[in-house]
Every structure is written in structure tokens, then in C-alpha cells.
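Colleague: I've got the model open and a pile of "why do you call it that" questions. Can we go through them one at a time?

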Amino acid sequence: MLNNLRPYLGRITDPIASRIKVNPNYVTLAGFIIALVAAYTFAVKNLFLGGLLIALSGFMDIIDGAIARGNSKATKFGGFLDSTLDRFSDAFILVGITYGGFIGWLTGMLALHASLSVSYVRARAEGEGVPCSVGVAERAERLLILMLGAFLGSVLGGFIMEIAVILVIVLGYFTVVQRIYYSWKMMFCG
Ligand SMILES: CC(C)CCC[C@@H](C)CCC[C@@H](C)CCC[C@@H](C)CCOC[C@@H](COP(=O)(O)OP(=O)(O)OC[C@H]1O[C@@H](n2ccc(N)nc2=O)[C@H](O)[C@@H]1O)OCC[C@H](C)CCC[C@H](C)CCC[C@H](C)CCCC(C)C
Ligand SMILES: O=P([O-])([O-])O[C@@H]1[C@@H](O)[C@H](O)[C@@H](O)[C@H](O)[C@@H]1O
Ligand SMILES: [Mg+2]
Ligand SMILES: [Mg+2]
């Protein structure tokens, strides 16, 4: 859903990013490292800082592509690295939230499965030549839900974090169904 904002966001990021002369792969790597720190922060039960670090990691995920495109340095490997490290970031953030005791192991496992399945279905569809950036809980939405859950949870209590993760599970599996249906339509109906 939020992917529809890309053209508008690009008008903000692209002029800035084209002035940033750094290898975009390093920015992608930095975003992953920040996500690891976010996971640790959740593990030691600091929700607010964890939410901030999700935002910073997400910001890195926004600007890495902008820097690549703005400096004509977009590469296949960069796109591969971006997508791959996103999976690791998503997973470790959920591991940190689980380890921190904000959710039970089953909730954590279901959130992990739902999140990774959304991305897998898209990647598998793309392998068959079907672009599949559809659904209500793409990565941006999932991260934003966890970020908001962390900020609100730091004020109202850790139970808010569990509500946010359950929302990621429900919307994540719904997005999987959306993407499977969309892929089926595109593969059979063209
Ligand atoms: C005080 C600090 C600790 C915290 C402060 C942090 C703040 C500065 C952050 C504020 C922004 C934050 C709220 C944003 C969080 C949103 C985040 C959770 C969403 C992340 O979604 C991911 C995003 C990018 O997706 P992709 O990775 O798929 O896209 P690209 O990277 O652009 O393209 C990939 C493509 O590029 C090439 N490539 C990539 C990497 C590489 N190494 N080499 C490459 O070649 C290759 O071709 C790849 O295929 O998804 C975007 C979806 C949507 C538009 C996100 C919008 C969410 C949000 C509501 C918008 C917030 C706007 C924000 C307030 C303004 C940001 C400021 C601006 C300067 C960035
Ligand atoms: O939205 P989602 O499908 O779960 O996850 C997305 C991946 O499918 C895509 O390959 C990548 O470029 C995006 O940055 C995001 O990680
Ligand atoms: Mg990116
Ligand atoms: Mg990404």
C-alpha cells in the first residue's frame, strides 16, 4: 500500500540522495546493523529506543535505493542485498521483541512466518515474471506497525507491543492471500 507513495517520497529523497556520494551497499548494510541494534534494544526491554532504531533502519532502507538511483549506481546485486538484508532485519527485530518478553514464542514464530511469507510469495512470483508488490502489509506497513507499537508501548505498557505483533500476523497472512490470489490471476489470466 505505502509503496504507492514512492513517487512522492522520491521527490523528497532523490534531490538529497543524489548529493550523497557513498556506496549504497554500505547504506544497506548500515540499515541491517541498525536493525540488529534495534533487536538488542528490544531484548533488553527498551521499547522507545527500539522504535526509534526501527525508524532509522527504515530510513536507511529508503535512502539506499535513492542514493543508488540518484548516482546512477543501482545494481542487481544492490537490489538483491537490499531484499535479502530486509529479511534478516525483519526476523531479528521479531526475535528481539520475543526475547524481550513482550510476546510469547508462538506469537513470535507466527509473526516471523507471516512476515517472511509475504516477501517469499512476492519473490517467487517475480521468479515467474509477475511483479507482486501488492497487499495491505508490505514491509513498510509491518515496520510502521511495530514502530508505532513500540512508541505507544513505551508509554502505555508492553501489551501494546503484543497487539502490534498480532496485527502484523493477521495483516501479514492476509497479504499472503492477496499476493497468492493476485499471482494466480496474473499467471492464468495475464
Ligand atoms: C533520531 C533517529 C534515531 C531516528 C530518526 C529517523 C528518521 C530520520 C526517519 C524518518 C523516516 C521514518 C519514519 C521512515 C520509516 C519508514 C520505514 C519503516 C519504511 C521502510 O520501507 C522501505 C522503503 C524502501 O523500500 P525498498 O528498499 O524496496 O526501496 P529502495 O531502496 O528505494 O529501492 C530498492 C532498489 O534500489 C536499488 N538499490 C538498493 C539498495 C542498494 N544497495 N543498491 C541498489 O541498487 C535496487 O534497484 C533496488 O531494487 O519502502 C518504501 C515504501 C514507502 C514509500 C515508505 C513510506 C513510509 C513512510 C510513511 C514515509 C515516511 C517519510 C519520512 C517521514 C520522510 C523521510 C525523509 C527522507 C529524507 C527519506
Ligand atoms: O514488502 P515485502 O514484499 O514484504 O518486502 C519487500 C521485498 O519483497 C522487496 O524485494 C524489497 O525490495 C523491499 O525492500 C521489501 O523488503
Ligand atoms: Mg532499500
Ligand atoms: Mg528494502
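Colleague: Let's start with the ligand. Which residues are around ligand 2?

Modeller: Keep in mind that this is a predicted model. The residues around ligand 2 are Asp61, Asp82, Ser83, Asp86, Arg87, Val118, Ser119, Arg122, Glu138, Arg139, Arg142 and Arg179.

Colleague: What makes the link between Asp86 and ligand 2 a polar contact?

Modeller: A side-chain N or O atom of Asp86 is 2.7 Å from an oxygen atom of ligand 2. The cut-off for a pair of N or O atoms is 3.5 Å, so this one qualifies. Ser83 passes as well, with a side-chain N or O atom 2.8 Å from a ligand 2 oxygen. For Arg179, a polar side-chain atom sits 2.8 Å from an oxygen atom of ligand 2. As for cover, ligand 2 on its own has 370 Å² of accessible area, and the protein covers 85% of that.

Colleague: Back to Asp86. What does UniProt list it for?

Modeller: The UniProt entry, which is unreviewed, lists Asp86 under "active site". Such annotations may be inferred rather than shown by experiment. In the model, Asp86 is found in helix 4, which covers residues 76-99.

Colleague: How do you know whether Asp86 is buried or exposed?

Modeller: Its relative accessibility is 11%. Buried means under 20%, so Asp86 counts as buried. Once you set aside neighbours within four places in sequence, Asp86 is in contact with Asp61 and Arg139. Both of those also turn up among the residues around ligand 2.

Colleague: Now Thr107. Why is that one called buried?

Modeller: By the same sort of reasoning: Thr107 has a relative accessible area of 15%, and the limit is 20%, so the label is buried. Thr107 lies in helix 5, residues 105-127. Not counting residues up to four places away in sequence, Thr107 touches Glu162, Val165, Ile166 and Ile169.

Colleague: And why does Thr75 get "partly exposed"?

Modeller: Thr75 has a relative accessible area of 45%. That falls between the 20% and 50% limits, so partly exposed is the label. Thr75 is in the loop between helix 3 (47-70) and helix 4. A polar atom of its side chain lies 2.8 Å from the backbone nitrogen of Gly78. Along the chain, Thr75 and Ile12 are 63 residues apart, and their C-alpha atoms are separated by 22 Å.

Colleague: On to the rings. How many aromatic pairs does the structure hold?

Modeller: Six aromatic pairs. Take Tyr181 and Trp184: their ring centres are 6.0 Å apart, within the 6.5 Å limit, so they pair.

Colleague: What makes that pair of Tyr181 and Trp184 stacked?

Modeller: The planes are at 25°, and under 30 degrees counts as stacked, so that settles it. Tyr181 and Trp184 both lie in helix 7 (residues 159-189), three residues apart, which is about one turn of the helix. Tyr181 is partly exposed at 48% relative accessible area, and Trp184 is partly exposed at 45%.

Colleague: Why is the pair of Trp184 and Phe188 called tilted?

Modeller: The angle between the planes is 40°, with 6.1 Å centre to centre. Stacked needs under 30 degrees and edge-to-face needs over 60, so 40° comes out as tilted. Trp184 and Phe188 are four residues apart in helix 7, about one helical turn.

Colleague: How do you know that Phe188 is exposed?

Modeller: Phe188 has 68% relative accessibility, and exposed means over 50%, so Phe188 counts as exposed. Elsewhere, Phe32, Phe88 and Phe92 form one aromatic cluster.

Colleague: Last topic, the loops. What makes the phi of Lys45 worth a remark?

Modeller: Phi of Lys45 is near 70°, a positive value in a residue other than glycine. Lys45 lies in the loop between helix 2 (24-43) and helix 3. At 56% relative accessibility, Lys45 is over the 50% limit and therefore exposed. Ser72 is also a non-glycine residue with a positive phi, near 50°. Ser72 lies in the loop between helix 3 and helix 4. With 69% relative accessibility, Ser72 clears the 50% limit, so Ser72 is called exposed.

Methods: Residues numbered from 1 in each chain as written. Chains lettered and ligands numbered in written order. Predicted model: local features only at pLDDT ≥ 70, side-chain atom pairs only at ≥ 80, totals over all residues. Heavy atoms only, no water. Helix = DSSP H or I, 4+ residues; strand = E, 2+ residues; numbered from the N terminus. Buried < 20%, exposed > 50% of the residue type's maximum accessible area, 1.4 Å probe, protein only. Contact = heavy atoms within 4.5 Å. Near = heavy atom within 4 Å. Polar contact = N/O pair within 3.5 Å; in protein donor to acceptor, adjacent residues only side chain to side chain. Areas by Shrake-Rupley, 256 points an atom, 1.4 Å probe, with all protein chains shown as cover.
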